[in-house]
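Here are my notes after going through the model you sent. They run as numbered points, so take them in whatever order suits you.

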Amino acid sequence: MQKVIIVGAGIGGLGTAVALHQAGIPVTVYEQAEAIGQVGAGLTLWSNALRVLRRLGLAEAVIEAGAVIEEAQIRQANGRILSRSYPGQLAQQLGEPTVAIHRADLHRILLAALPPDVVQLGAACTGFSQDEQQVTVTFADGRSAQADCLIGADGLNSVIRQQIAPQAKTRYAGYTAWRGVAAVESRVARGQTFEAWGHGARFGVVPLSNQLVYWFATANIPPGQRQEANSRKETLLRQFKGWHDPIPHLLQTTPAEAILNHDLYDVPPFTGWSRGRVTLLGDAAHPTTPNLGQGACMAIESAYILADCLKEHASLAEALRAYEAQRRPRTAVITQQSWQIGRIAQWQNRFACWLRDGLLNAAPDHLLQKRLVQTTNFMI
Ligand SMILES: Cc1cc2nc3c(=O)[nH]c(=O)nc-3n(C[C@H](O)[C@H](O)[C@H](O)COP(=O)(O)OP(=O)(O)OC[C@H]3O[C@@H](n4cnc5c(N)ncnc54)[C@H](O)[C@@H]3O)c2cc1C
């Protein structure tokens, strides 16, 4: 393998570049944005992602920049706790902790593991062509670049996927998500995350390091109706009025202009991730709704497996076949489970929610813990 091109410098693209670089495979990443990783939100990296990051030599940096999560709760809007699980125990059960980290910190750590000239910014890919010898990638500014292999890590609305697998269509989950980061650590227990479930709406709270708290909120709305930046805070304060402390306080404390809003989509699992010299990775290949907090973790797992397949297999065709064979079953389960959890968590009907909350409250903690171990148990 003389040269690999990756389109997209998200967590998936950068993670793959690090894994390829460490495997001794030359790689260039082309990213449409002019700067990397300025998303004002956090994310949870479960034990499975930490296991891969450990192999890449990055686990300690991530743990240091983030905050270890010991306990995760599901609550009602009034604060009553319905269930508990213990991500902290995964460190004993699976060997790695669960870490909440600011996205900008994760991007910084991944970028620092690469030589400075690997990532080319301001390069919006428009498509590719290929023949027996090489693949040619084209960019909006008229540039082009050649390589032996192209990896489309260009996210949910991947242009590479549209060329390889046009049959794979995004599906709207039925709810939108807002995200923000606030500086109110003292009102949030360290090491403890929670998600409060209401009727057709949820609010999640995740303590980060440095006195910061990452929060996310969801609500059922038709697609394409998300608000402009200036009305988001007002809408959220109205939507979550009366929910338990610290929810309204977190919203009050977050700068209005820093609140993100995205409608949530996935793509039902599909076959045929690769065509010739080209393959897909991360949200381009297996986008999932965020209900299990596993999208970026799956991208990190796929990054490691793809680099390993490219290193170990004699032919590119074999490597890409082996990659999809290893990754599709696991990512398909995550995508489908996350979709189902999201549907139940977003129920709006009062009787259905009462029943749901009662069942959740009755479920023994050890069953929830077992489920958590199954989801995060990824051995490499
Ligand atoms: C509300 C919410 C909460 C989440 N929480 C979690 C969580 O707690 N834990 C977790 O593991 N996951 C979480 N996720 C999922 C996670 O964010 C994604 O799965 C992950 O970011 C996917 O990474 P990626 O690199 O594949 O794609 P992206 O992050 O979408 O990156 C794609 C990159 O490609 C670039 N690009 C796109 N098109 C082009 C083009 N034509 N040319 C050049 N560059 C291009 C983009 O600019 C971008 O930089 C969450 C998602 C949401 C929406």
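1. I'll start with Leu372, which counts as buried because 22 C-beta neighbours sit inside 10 Å, and 20 are enough for that label. Leu372 belongs to helix 12, residues 365–376. Leaving out residues up to four places away in sequence, Leu372 touches Ser85, Pro87 and Leu90. Ser85 is 287 residues away along the chain, yet the C-alpha atoms of Leu372 and Ser85 are separated by 7.9 Å. Do keep in mind throughout that this is a predicted model.

2. Now the overall picture. The protein has 12 helices and 18 strands. For its 380 residues, a compact globule would have a radius of gyration near 21 Å, and the protein agrees, with 21 Å. The C-alpha trace spans about 60 × 45 × 40 Å along the principal axes. Of the 380 residues, 47% count as buried. Sequence-distant pairing is plentiful: among contacts with a separation of 6 or more, 74% come from residues 24 or more positions apart.

3. Which residues have the most contacts inside the largest nonpolar core? They are Val62 and Ile300, in a core of 104 residues. Helix 9, residues 295–312, supplies the largest share of this core, with 12 residues. As for Ile300, setting aside neighbours within four places in sequence, its contacts are Ile11, Gly15, Ala49, Val52 and Leu53.

4. Next, the ligand. It is surrounded by 34 residues, and the closest are Gly8, Gly10, Gly155, Gly282 and Gly295. Which elements supply at least two residues each to this shell? Helix 1 (11–22), strand 3 (42–45), strand 13 (171–182) and helix 9 all do. Helix 9 gives the most, with four residues, so you meet this helix both here and as the largest contributor to the core. By class, the shell holds 18 nonpolar, 12 polar and four charged residues.

5. Ala153 deserves a look alongside the ligand shell. It is found in the loop between strand 12 (149–152) and helix 6 (159–164). Is Ala153 buried or exposed? It is buried, because 31 other C-beta atoms lie within 10 Å, where 20 would do. Not counting residues up to four places away in sequence, Ala153 touches Ile6, Val7, Gly8, Gly10, Gly12, Gly13, Thr16, Leu281, Gly282 and Ala284. Three of those names, Gly8, Gly10 and Gly282, also turn up among the residues closest to the ligand. By contrast, Gln340, 187 residues from Ala153 along the chain, has its C-alpha atom 25 Å from that of Ala153.

6. Please check the backbone in two places. The peptide bond joining Asp245 and Pro246 is cis, with omega about 10 degrees. Pro246 is found in the loop between helix 7 (229–239) and helix 8 (247–253). The other place is the loop between strand 15 (201–207) and strand 16 (213–220), where Asn210 lies. Phi of Asn210 is near 55 degrees, a positive value in a residue other than glycine. Gln211 is in that loop between strand 15 and strand 16 as well, and its phi, near 65 degrees, is also positive. How do they stand for burial? Asn210 counts as exposed because it has 10 C-beta neighbours inside 10 Å, and Gln211 is exposed with 12 other C-beta atoms within 10 Å, which is just inside the limit of 12 or fewer.

7. Gln120 is a case in between. It lies in strand 8, residues 119–120, and is partly exposed, because its 15 other C-beta atoms within 10 Å fall between the limits of 12 and 20. Outside its neighbours up to four places away in sequence, Gln120 touches Thr28, Val29, Tyr30 and Glu31. Thr375, 255 residues apart from Gln120 in sequence, is 35 Å away, C-alpha to C-alpha.

8. Last, helix 11, residues 350–362. Its 13 residues reach 18 Å from first C-alpha to last, close to the 18 Å expected at 1.5 Å a residue. This helix is hardly covered: among its 13 residues, the count of buried ones is one.

How values were computed
Residues are numbered from 1 along each chain as its sequence is written. This is a predicted model: local features need pLDDT of at least 70, side-chain atom pairs count only at pLDDT 80 or more; totals for chains, interfaces and linings use all residues. The radius of gyration is taken over C-alpha atoms; the globule rule is 2.2 Å times the number of residues to the power 0.38. Two residues are in contact if their C-beta atoms, placed from the backbone, lie within 7 Å. The expected span of a helix is 1.5 Å times one less than its number of residues. A nonpolar core is a set of buried Ala, Val, Leu, Ile, Met, Phe, Trp, Tyr and Cys residues joined through C-beta atoms within 7 Å. A residue is near a molecule or strand if its C-beta atom, placed from the backbone, lies within 6 Å of it. Ala, Val, Leu, Ile, Met, Phe, Trp, Tyr, Cys and Pro count as nonpolar, Asp, Glu, Lys and Arg as charged, and the others, Gly among them, as polar.
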